[in-house]
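Trainee: Could you take me through one small part of this model slowly, and then show me how the rest of the chain is put together? I'd like to know what to look for on the screen.

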Amino acid sequence: MEQTDVVAAGSDMTLVATRAQVPEGCMRRFESKGRSWVIFNDGGEFVAAADVCPHKGAPLSAGEFADGVVVCPLHGWEFDVRGGECVSMPDWRGLDLATVVVEGELVYVVTSTPPSQDRSREG
Ligand code: FES
């Protein structure tokens, strides 16, 4: 399934991976502009989030990812990567998501996206 997005003029896209580097059901950590991010391949759809647990800051990329849910390695809270919500503690702040743009085999992330205001979507 092709994933595209409209990126506003002046947006800053960072090439983070090829599709093959993040197989379905896997995640991959990357750095951009001094921040750590993690990209998930959820059933062929790519989602990016800050690699920081909203609870106490543990790196989510060190946890487990399956069925669209990432489990924090520190206290085991679960987050739905599609919407960013904390499944374990629904009133808690969710993941800081970023826009993903897929062009052919290349996966980009718009790292300047304000947290939780814009998300990857299909086109
Ligand atoms: S630091 Fe992630 S659940 Fe506590």
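Mentor: Let's start with a pair of residues: find Val 69, and across from it in β7 you'll see Asp 80. Keep in mind that you're looking at a predicted model. Val 69 belongs to strand β6, which covers residues 69-71 and pairs with β7 in the antiparallel sense over three bridges. What holds strands together like that? Strands of a sheet pair through backbone hydrogen bonds, either parallel or antiparallel.

Now zoom out a little. The pair sits in an open sheet of three strands, ordered β5-β6-β7, with antiparallel pairing. At the edges are β5 (64-66) and β7 (78-80), each with a pairing partner on one side only. If you look at how neighbouring strands of this sheet lie against each other, they are turned by 20 degrees on average, ignoring direction.

The loops around this sheet deserve a look too. Between β5 and β6 there's a loop that holds Asp 67. Most residues other than glycine have a negative phi. Asp 67 isn't a glycine, yet its phi is positive, about 50 degrees. Is Asp 67 buried or exposed? Asp 67 has 9 other C-beta atoms within 10 Å, so it counts as exposed, the cut-off for that being 12 or fewer.

Follow the chain past β7 and you enter the loop that leads to β8, where you'll meet Ser 88. With 15 other C-beta atoms within 10 Å, Ser 88 is partly exposed, because that count falls between the 12 or fewer of an exposed residue and the 20 or more of a buried one. Ser 88 also takes you back to the sheet you just looked at. Its C-alpha is 5.4 Å from that of Glu 78, although the two are 10 residues apart in sequence. Once you set aside neighbours within four places in sequence, the contacts of Ser 88 are Trp 77 and Glu 78.

Next, move to the strands earlier in the chain. Strand β2 (residues 27-32) pairs with β3 over six bridges, in the antiparallel sense. One of the facing pairs is Ser 32 and, in β3, Arg 35. The two strands make a hairpin with two residues between them, and Lys 33 in the turn has a positive phi of about 55 degrees. From β3 the pattern carries on: six bridges join β3 to strand β4 (residues 45-50), and these two run antiparallel. Here Asp 42 has Glu 45 in β4 as its bridge partner, and Trp 37 stands opposite Ala 50 in β4. This hairpin also has two residues between its strands, with Gly 43 taking a positive phi near 65 degrees.

How enclosed are these strands? Six of the eight residues of β3 (residues 35-42) are buried, so the rest of the structure largely encloses that strand. For β4, five of its six residues are buried, so β4 is largely enclosed as well. β4 also pairs with β8, antiparallel, over two bridges, and in β8 the bridge partner of Ala 48 is Ala 98.

Stay on Ala 48, since it leads you into the core. Leaving out neighbours within four places in sequence, its contacts are Trp 37, Ile 39, Leu 97, Ala 98, Val 100 and Val 109. The largest nonpolar core has 28 residues, and Ala 48 is among those with the most contacts inside it, a list that also includes Trp 37, Ile 39 and Val 109. The elements giving two or more residues to this core are β2, β3, β4, β8 (97-103) and β9 (106-110).

Finally, the whole chain. There are zero helices and nine strands, and 31% of the 123 residues are buried. Of the contacts between residues at least 6 apart in sequence, 46% join residues at least 24 apart. How far should you trust the picture? The mean pLDDT is 86, and 81% of the residues reach 70 or more. Go carefully over residues 113-123, though, where the pLDDT is below 50; in the model this stretch has 23 contacts beyond near neighbours in sequence.

Methods. Residues numbered from 1 in each chain as written. Predicted model: local features only at pLDDT ≥ 70, side-chain atom pairs only at ≥ 80, totals over all residues. pLDDT = per-residue confidence, 0-100. Contact = placed C-beta atoms within 7 Å. Pairing = 2+ DSSP bridges. Helix = DSSP H or I, 4+ residues; strand = E, 2+ residues; numbered from the N terminus. Axes fitted to C-alpha atoms, helices over the stretch in contact; angles between N-to-C directions. Core = buried A, V, L, I, M, F, W, Y, C linked by C-beta atoms within 7 Å.
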